[in-house]
Amino acid sequence: MMFLTAGSAHAFDVALVGQLEVTDPQFDPGLTGSTTAITPGGGLLLSHYFKSVVGIEVGALFTDYHLRVEDAGVTTDSSNRYLQIPFMLRIQPDPAFSFGGGYFIGSNMSGDDLTKSDSGLVFGGGSKIPIGKSKKFSFLIDARYLIGGTNLSEDSTRSLKVNHIQVLVGVSFTIGKGGK
């Protein structure tokens, strides 16, 4: 979600972000359930813009998948920490706004309730506000929707895919030659 000016061919933006996430489980007909919480997370984003308008972004975000599953009258709460790595192509029509889409992969770093990996599509948009007179530091906010494409159930007869709504808030700074 970083933005660079036209003369910054070798500059990168780094953002430290915190996030709030709501999971949206998609169950097969035999299961029902819901998310159990709004969960915190956070991580790092790195981006680079070409010609100031089109950019790439990669990140490392730690997030929790909190689910409540109901099966045959039995309710089970599940919490698994995942490392998500989003890869996004971003468009910046205005210096204060960008949007984009891409792909994410995830790895289960804890819990045994779900499979060890996840992947899917990610879409989002956000804004940046310069901090003070310096154009090297900015406050940022980004909203994202992730569509899980992997069956996370360890039971091969069941299907569980998880979509996510994320709000990221943080501070970004420009590093490298040609910074703002």
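**Strand architecture and the surroundings of Ser119 and Leu152**

The secondary structure of the protein comprises 0 helices and 9 strands. The model is predicted. Along the sequence, the elements follow the pattern β-β-β-β-β-β-β-β-β. Of the 180 residues in the protein, 41% are buried. Among contacts with a separation of 6 or more, 63% link residues 24 or more positions apart. The exposed area of the protein is about 8600 Å², and carbon and sulfur atoms supply 68% of this area.

Strands E7 and E8 run antiparallel and are joined by 11 bridges. Strand E7 spans residues 117–130, and strand E8 covers 137–148. Within this pairing, Phe123 stands opposite Tyr145 of E8. The hairpin formed by E7 and E8 has 6 residues between the strands, and Gly132 in this hairpin adopts a positive phi near 65°.

The side chains of E8 alternate between two faces. Ser138, Leu140, Asp142, Arg144, Leu146 and Gly148 point to one face and are buried. Phe137, Phe139, Ile141, Ala143, Tyr145 and Ile147 point to the other face and are not buried. Tyr145, the residue that Phe123 stands opposite, thus belongs to the set that is not buried.

Ser119 lies in strand E7. Its relative accessibility is 17%, and Ser119 is therefore classed as buried, because the cut-off for this class is under 20%. The side chain of Ser119 makes a polar contact of 3.0 Å with the side chain of Thr150. When residues up to four places away in sequence are not counted, Ser119 touches Tyr103, Phe104, Ile105, Ile147, Gly148, Gly149 and Thr150. Two of these neighbours, Ile147 and Gly148, point to opposite faces of E8: Gly148 is on the buried face, whereas Ile147 is on the face that is not buried. Thr150 appears both among the residues touched by Ser119 and as the partner in the side-chain polar contact.

Leu152 is placed in the loop between strand E8 and strand E9, the latter spanning 160–177. With a relative accessibility of 0%, Leu152 counts as buried, although the residue is located in a loop. Leu152 and Lys116 are separated by 36 residues in sequence, and the distance between their C-alpha atoms is 8.0 Å. Ser119 in strand E7 and Leu152 in the loop after E8 are thus both classed as buried, at 17% and 0% relative accessibility, respectively.

Definitions and conventions. Residues are numbered from 1 along each chain as its sequence is written. This is a predicted model: local features need pLDDT of at least 70, side-chain atom pairs count only at pLDDT 80 or more; totals for chains, interfaces and linings use all residues. Side-chain values use heavy atoms; hydrogens and water are left out. Helices (H or I, at least four residues) and strands (E, at least two) are DSSP runs, numbered from the N terminus. Buried means under 20% relative accessible area, exposed over 50%, partly exposed in between (1.4 Å probe, protein chains only). A polar contact is a pair of N or O atoms within 3.5 Å; within protein, one must be able to donate a hydrogen and the other to accept it, and residues adjacent in sequence count only if both atoms are side-chain atoms. Contact means heavy atoms within 4.5 Å. Two strands pair if DSSP finds at least two bridges between them. Accessible areas come from the Shrake-Rupley method with a 1.4 Å probe; for residues, only the protein chains shown count as cover.
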